[in-house]
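I opened this notebook to keep track of what I looked up, entry by entry. Each entry takes up one part of the chain and then moves on to the next.

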Amino acid sequence: MEFSFTKWQGCGNDFVLVNCFAEKLTDYAALAKRVCDRHYGIGADGLILLLPSTKADFRMRIFNTDGSEAEMCGNGIRCFARCAYEAGLTDKTEFTVETGAGILVPKLILSAGKVVSVQVDMGEPVLEADRIPVAGFGSRRVVSEPIEVLGQRYTMTCVSMGNPHCVVFVDEIGALPIETVGPAFETHACFPRKVNAEFVEVRDRTHLRMRVWERGAAVTLACGTGSCATLTAAVLNGLTERRAEIELDGGRLTVEWADNGHLYMTGPAEQVFAGHFADKEGQA
């Protein structure tokens, strides 16, 4: 299989993006595992496909490094939006994108005719446990509830941004062994569809430091939906204002939970390089 691609990153969360208006791909799950491999492939946190849609201006599909398909990705949709615009597929700076989490609306922010950042209306957070889903809580909210992981007791607040998140506030983020506790949270019995786990230190009421273990991708440098879930959880616990900066391993995002109930995420999206992938007899 041969195709052209572009490589993008948003706060260090990196993606191989393929314009499927021009390229024809098959077996997306197997391809994601191949191209995302950092030693034998291109290397990325996920494979994003830019596709036509019958419901919106475009359709985005994203596959994790293990081949599983994610409903949505906040950093990914910013990269997707800028790619669509700069590839000349649209001249609109605000348009609709069909995702597994519904139709979302990215807005390109320009200065002197160039894209400097992307803001995305991420919609309203889902807080009912059975819709996230989190087992054992019925339809009520999971806010500051106990959970035991690897023999340690934590306090969790759970949110869905179209994909499930478990937010845990900690005293010192640097002391947390995320590589050990992250996978244990992801596969905990409380989460029937697994979960993205965010570990958060509150620096002040407008500044949060977050690290993330992503479902199907392990530790990543950033997570856009996780940043939205983090702010939501912080507000529900009375820890921050409704607008705050989320400091991630790979950069910073600004998230606001607006009066209309929607979350707005703003941050960078940058093309790293473009290339051509040629997979011949199992070798790239």
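**Entry 1: M72 and its neighbours**

I began with M72 and listed its contacts, leaving out residues up to four places away in sequence: M72 touches M60, I62, I77, T99, A101, L104, M122, M161, N163 and T225. I note here that I am working with a predicted model. I then looked up where M72 sits along the chain, and found it in the loop between strand 5 (69–70) and helix 2 (74–86). Is M72 buried or exposed? Its relative accessible area is 3%, and the cut-off for buried is under 20%, so M72 is buried. I also checked its separation from P106, which is 34 residues away in sequence, and read 13 Å from C-alpha to C-alpha.

**Entry 2: the chain as a whole**

I stepped back to the whole chain and looked up its secondary structure, which comes to four helices and 18 strands. How does the radius of gyration of the chain agree with that of a compact globule? For 284 residues such a globule would have a radius near 19 Å, and the chain has 18 Å, which agrees. Along the principal axes, the C-alpha atoms fill a box of roughly 50 × 45 × 35 Å. I found that 55% of the 284 residues count as buried, and that the accessible surface comes to about 12,000 Å², with 46% of it belonging to carbon and sulfur atoms. Taking contacts between residues at least 6 apart in sequence, I noted that 60% of them join residues at least 24 apart. For the charges, I looked up the mean positions of the 28 positive and the 37 negative ones, and these two positions are 2 Å apart.

**Entry 3: helix 1 and the loop before it**

Which residues of helix 1 (residues 28–36) are buried? I wrote down Y28, L31, A32, R34, V35 and C36, and I saw that these buried residues pack against strand 1 (2–10), strand 3 (46–51), strand 4 (58–64) and strand 18 (270–278). In the loop between strand 2 (13–19) and helix 1 I came to D27, whose phi is near 45 degrees, a positive value in a residue other than glycine. D27 counts as exposed, because its relative accessibility is 52% and the cut-off for exposed is over 50%.

**Entry 4: strand 13 and its partners**

I turned to strand 13 (residues 207–214), which is mostly covered, since seven of its eight residues are buried. Strand 12 (196–204) is joined to strand 13 by seven bridges, and the two run antiparallel; a hairpin connects them through two residues. Within this pair, E201 stands opposite R209 in strand 13. Strand 13 also pairs with strand 14 (residues 218–220) in the antiparallel sense over three bridges, and there W213 stands opposite V219. Three residues lie between strand 13 and strand 14 in their hairpin, and G216 in the turn has a positive phi of about 85 degrees. In which sense do strand 13 and strand 15 run, parallel or antiparallel? They run parallel, joined by three bridges, and L208 has I246 in strand 15 as its bridge partner.

**Entry 5: onward from strand 15**

Following strand 15 (residues 243–248), I found six bridges to strand 16 (residues 251–257), with the two strands antiparallel. They form a hairpin with two residues between them, and A244 stands opposite V255 in strand 16. Strand 16 pairs in turn with strand 17 (residues 263–267), again in the antiparallel sense, over four bridges, and M265 in strand 17 is the bridge partner of V255. This hairpin has five residues between its strands, and G261 in the turn has a positive phi of about 90 degrees.

**Entry 6: three loop residues**

I closed with residues in loops. The peptide bond from I132 to P133 is cis, with omega near -5 degrees, and P133 lies in the loop between strand 8 (114–121) and strand 9 (145–149). K194, in the loop between helix 3 (178–186) and strand 12, is not a glycine and yet has a positive phi of about 65 degrees; at 39% relative accessibility it counts as partly exposed. E172 lies in the loop between strand 11 (164–169) and helix 3, and with a relative accessible area of 52% it is exposed.

Technical notes
Residues numbered from 1 in each chain as written. Predicted model: local features only at pLDDT ≥ 70, side-chain atom pairs only at ≥ 80, totals over all residues. Heavy atoms only, no water. Rg over C-alpha atoms; globule rule 2.2 N^0.38 Å. Buried < 20%, exposed > 50% of the residue type's maximum accessible area, 1.4 Å probe, protein only. Contact = heavy atoms within 4.5 Å. Areas by Shrake-Rupley, 256 points an atom, 1.4 Å probe, with all protein chains shown as cover. Lys, Arg positive; Asp, Glu negative; His and termini not counted. Charge placed at Lys NZ, Arg CZ, Asp CG, Glu CD. Pairing = 2+ DSSP bridges.
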